[in-house]
Amino acid sequence: MLRRLDHGYELDDDKARIDLAEVHRVLSTECYWALGRPYELIERTAREAARVVGLYHGGRQVGYARVVSDGLAVTYLADVYVHADHRGRGLGLELVREAVDNGPHRDLRWSLHTKDMHGLYARLGFGPPGERAMERPPRALD
Ligand SMILES: CC(C)(COP(=O)(O)OP(=O)(O)OC[C@H]1O[C@@H](n2cnc3c(N)ncnc32)[C@H](O)[C@@H]1OP(=O)(O)O)[C@@H](O)C(=O)NCCC(=O)NCCS
């Protein structure tokens, strides 16, 4: 659903609207967790996502968030960014709010990884994993 924000910004979960070339450019060159990620992987993960939310301004893609979910037990927030020219105006918070609280996955258990944005996610109910949570790190390439 399209949600209009102040100052001409729009949030939209229409997958067909995502500018994959721009999302690939930003993720693969500016985002520490996705440096060098191939276009094909960006395209496939967007296509197979339970939901993607785009942030738009003046017809351009200026933010992105991707939701991975089985609709039951596993819901994961990934690839969140707001373009550098648009940061610090509350848009990242609204982008994450739209992905987490305004969609069909709101009541499920969510998880995510972040290096330094714990404060942002804490405002939307995220906290340290409980004692029941475990994870297996990715396997190092041979
Ligand atoms: C993370 C990101 C999406 C935030 O977008 P944004 O539009 O600047 O965020 P907001 O303006 O909504 O800020 C929301 C809150 O996040 C926190 N925050 C934002 N930028 C921050 C920064 N550089 N360092 C620490 N906390 C920050 C603050 O708590 C802020 O609240 P405030 O109003 O009290 O300042 C954006 O900085 C970004 O794209 N960074 C590069 C990619 C990245 O790190 N993505 C997150 C991966 S987990």
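**Histidine 7**

I began with histidine 7 and asked whether it is buried or exposed. Histidine 7 counts as exposed, because it has 8 C-beta neighbours inside 10 Å. I should record at once that the model is a predicted one. I then located histidine 7 in the loop that links strand E1 (3-4) to strand E2 (9-12). Its phi is positive, about 60 degrees, although histidine 7 is not a glycine.

**Aspartate 79**

I looked up a second non-glycine residue with a positive phi, aspartate 79, whose value is about 55 degrees. Aspartate 79 belongs to strand E5. I noted its environment as buried, because 21 other C-beta atoms lie within 10 Å and the cut-off for a buried residue is 20 or more.

**Overall fold**

I next counted the secondary structure of the chain and found 4 helices and 6 strands. Read from the N terminus, the order of elements is β-β-α-α-β-β-β-α-β-α. The chain has a radius of gyration of 15 Å, close to the 14 Å that the globule rule gives for 142 residues, so it is as compact as a globular protein of that length. For the dimensions, I noted that the C-alpha trace spans about 45 × 35 × 25 Å along its principal axes. I also noted that 24% of the 142 residues count as buried. Of the contacts between residues at least 6 apart in sequence, 51% join residues at least 24 apart.

**Strand pairing, E3 to E6**

I followed the strands in chain order, starting with E3 (residues 51-57). E3 and E4 run antiparallel and are joined by 7 bridges. Within this pair, I found arginine 51 bridged to valine 67 in E4. The E3 and E4 hairpin has 2 residues between its strands, and glycine 58 takes a positive phi near 55 degrees there.

I then turned to strand E4 (residues 60-69), which is antiparallel to E5 and joined to it by 6 bridges. Here tyrosine 64 stands opposite tyrosine 81 in E5. E4 and E5 also make a hairpin, with 5 residues between them. In that turn I noted glycine 71, with a positive phi of about 75 degrees.

How many residues of E4 are buried? I found 7 of its 10 residues buried, so E4 is largely enclosed by the rest of the structure.

The pairing continues from E5 to strand E6 (residues 110-111), a parallel arrangement with 2 bridges. Tyrosine 76 stands opposite serine 111 in E6. I traced the connection from E5 through H3 to E6 and recorded a right-handed β-α-β crossover.

**Leucine 95**

I selected leucine 95, which has its place in helix H3. Leucine 95 counts as buried because it has 24 C-beta neighbours inside 10 Å. Which residues does leucine 95 contact, leaving aside its neighbours within four places in sequence? I listed Leu11, Val53, Leu55, Gly63, Ala65, Val80 and Val82. For one of these partners, alanine 65, I also looked up the C-alpha separation from leucine 95, which is 7.2 Å. The two residues are 30 apart along the chain.

**Ligand surroundings**

I closed with the ligand, which is surrounded by 16 residues. The closest are Arg87, Gly92, Leu93, Thr114 and Leu120. Which elements supply at least two residues each to the shell around the ligand? I recorded strand E5 (75-82), helix H3 (91-101) and helix H4 (118-122). By class, I noted 8 nonpolar, 5 polar and 3 charged residues in the shell.

**Cross-reference**

On rereading, I noted that E5 recurs across these entries. E5 contains aspartate 79, pairs antiparallel with E4 and parallel with E6, and contributes to the shell around the ligand. Helix H3 likewise holds leucine 95, lies on the crossover path from E5 to E6 and supplies residues to the ligand shell.

Note on methods
Residues numbered from 1 in each chain as written. Predicted model: local features only at pLDDT ≥ 70, side-chain atom pairs only at ≥ 80, totals over all residues. Near = placed C-beta within 6 Å. Nonpolar A, V, L, I, M, F, W, Y, C, P; charged D, E, K, R; others polar. Rg over C-alpha atoms; globule rule 2.2 N^0.38 Å. Buried ≥ 20, exposed ≤ 12 C-beta atoms within 10 Å, placed from the backbone. Contact = placed C-beta atoms within 7 Å. Pairing = 2+ DSSP bridges. Right-handed = clockwise from strand over helix to strand, strands pointing away.
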